[in-house]
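This report concerns the pockets and the sheet of one protein chain. Please consult the sequence and the model displayed here while reading.

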Amino acid sequence: MPKIILDTDIGSDVDDALALALILSSPEAELLGVSTVHGDTRRRATVAHQMAAAFGKTFAVAPGLGDERLLGGAQLILDQLHRHPDATVLAIGPLSNLAACVDAAPERMRAAHIVIMGGMAGCAFPEGNIASDPEAAERVFSSGADITMLSLDVTLKAVLPYSFIQRLAAHTHPAQRMLHRMILEWRDEFLIPFIASQNSTLAPGDPFTTGLHDPMAVAAALHPDWFCWRPAEILIETRGQHTRGVSIDRKNVFTGHVDAPNCKLATSIDQAQLMRWIEDLLLREE
């Protein structure tokens with residue numbers, strides 16, 4: 001059974017909560033612990049504890065680097081990798097905690113398997129997880145670790161449909177009720193203001209969808225055969241006037257050859273299989 005260490009900025013975009021829910025609902029995964037990253041990591045840790053209670057699970061949670069320099073998140077990751085060298089670190093937030101791990105224990109991290117949701121390989125767009133701490137991302141991608149990368153190029157291809165959200169609302173189990181409430185809070189606090197900033201409107205009763213960026217990273221950790229992959233050399237821009245936080249997919253544009261690959265990059269996913277899996281785990285009757 002795959003062992004997962006989750007490093008997350010849960011409590012902002014709702015896809016982090018969906019990712020944690022999938023891990024907690026899956027009979028195929030063992031969650032070793034959760035480290036939180038970016039911003040108010042203590043509040044993010046509280047959200048993880050609340051989800052543990054709703055799902056009837058127990059696991060270690062440690063707030064990490066963010067507004068405060070808390071090293072508990074990085075220490076949790078290193079401790080679990082020491083006990084379980086075969087574990088997968090699933091990084092679905094900025095890479096600050098992982099960079100601290102690389103600084104503290106480079107040999108241990110060089111042997112680690114890391115699945116990262118972040119970046120965009122197809123154009124010069126500063127995706128949030130990388131752009132929030134590009135120096136950390138640069139250290140992680142330069143660490144020699146066994147990295148699997150899910151970029152926006154692939155994760156933008158799937159969304160959670162409104163019909164799923166409606167079906168989730170019909171459940172009475174505390175876990176599903178909590179997930180539905182978190183989706184609605186994300187809609188009200190983030191999605192509606194964002195759409196308003198784009199000179200459009202979304203009323204509370206209108207249909208909407210949510211991204212599946214972080215759930216797709218969980219799928220990659222548990223079911224890599226659902227994806228197509230290619231070797232890639234990902235470089236992180238830390239100084240560019242217009243490109244800071246951009247992830248650069250360096251290859252020969254004429255031949256496609258990659259001189260020094262440092263990760264495995266997803267290029268496509270079986271979307272139908274992904275949705276069946278999400279529905280089976282999150283909509284099943286207890």
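## Pockets and sheet

Helix 10 supplies the largest share of the lining of the largest pocket, namely four residues; helices (H or I, at least four residues) and strands (E, at least two) are DSSP runs numbered from the N terminus. The model is predicted, with local features requiring pLDDT of at least 70, side-chain atom pairs counting only at pLDDT 80 or more, and totals for chains, interfaces and linings using all residues. Residues are numbered from 1 along each chain as its sequence is written, and side-chain values use heavy atoms, with hydrogens and water left out.

The largest pocket holds about 720 Å³ of space. It is lined by 29 residues, of which Asp-13, Asp-15, Leu-152, Trp-186 and His-213 are the closest to its centre. Two or more lining residues come from each of helix 1 (15–25), helix 6 (128–131), helix 8 (152–155), helix 10 (174–197), strand 8 (210–211) and helix 11 (213–222).

On a 1 Å grid over the protein atoms alone, a pocket is an open set of points where a 1.4 Å probe fits, with protein on both sides within 12 Å along at least five of seven lines; lining residues have an atom within 4 Å of a point. A volume is the space filled by probe spheres set on the points, which are joined across faces, edges and corners.

The second largest pocket holds about 230 Å³. Among its 15 lining residues, Gly-11, Ser-12, Val-47, Met-182 and Glu-185 are the closest to the centre. Helix 2 (41–55) and helix 10 are the elements that give this lining two or more residues, and helix 10 gives the most, with seven.

The table divides both linings by class (nonpolar: Ala, Val, Leu, Ile, Met, Phe, Trp, Tyr, Cys and Pro; charged: Asp, Glu, Lys and Arg; polar: the others, Gly among them).

| Pocket lining | Nonpolar | Polar | Charged |
|---|---|---|---|
| Largest pocket | 13 residues | nine residues | seven residues |
| Second largest pocket | seven residues | three residues | five residues |

The model also contains an open sheet of nine strands in the order 3-2-1-4-5-6-11-9-10, with mixed pairing; two strands pair if DSSP finds at least two bridges between them. Strand 3 (60–63) and strand 10 (247–250) are at the edges with a single partner strand each, so one side of each lacks a neighbour in the sheet. Strand 9 (residues 227–236) pairs with strand 11 (residues 263–269) in the antiparallel sense over six bridges. Trp-229 stands opposite Ala-266 in strand 11.
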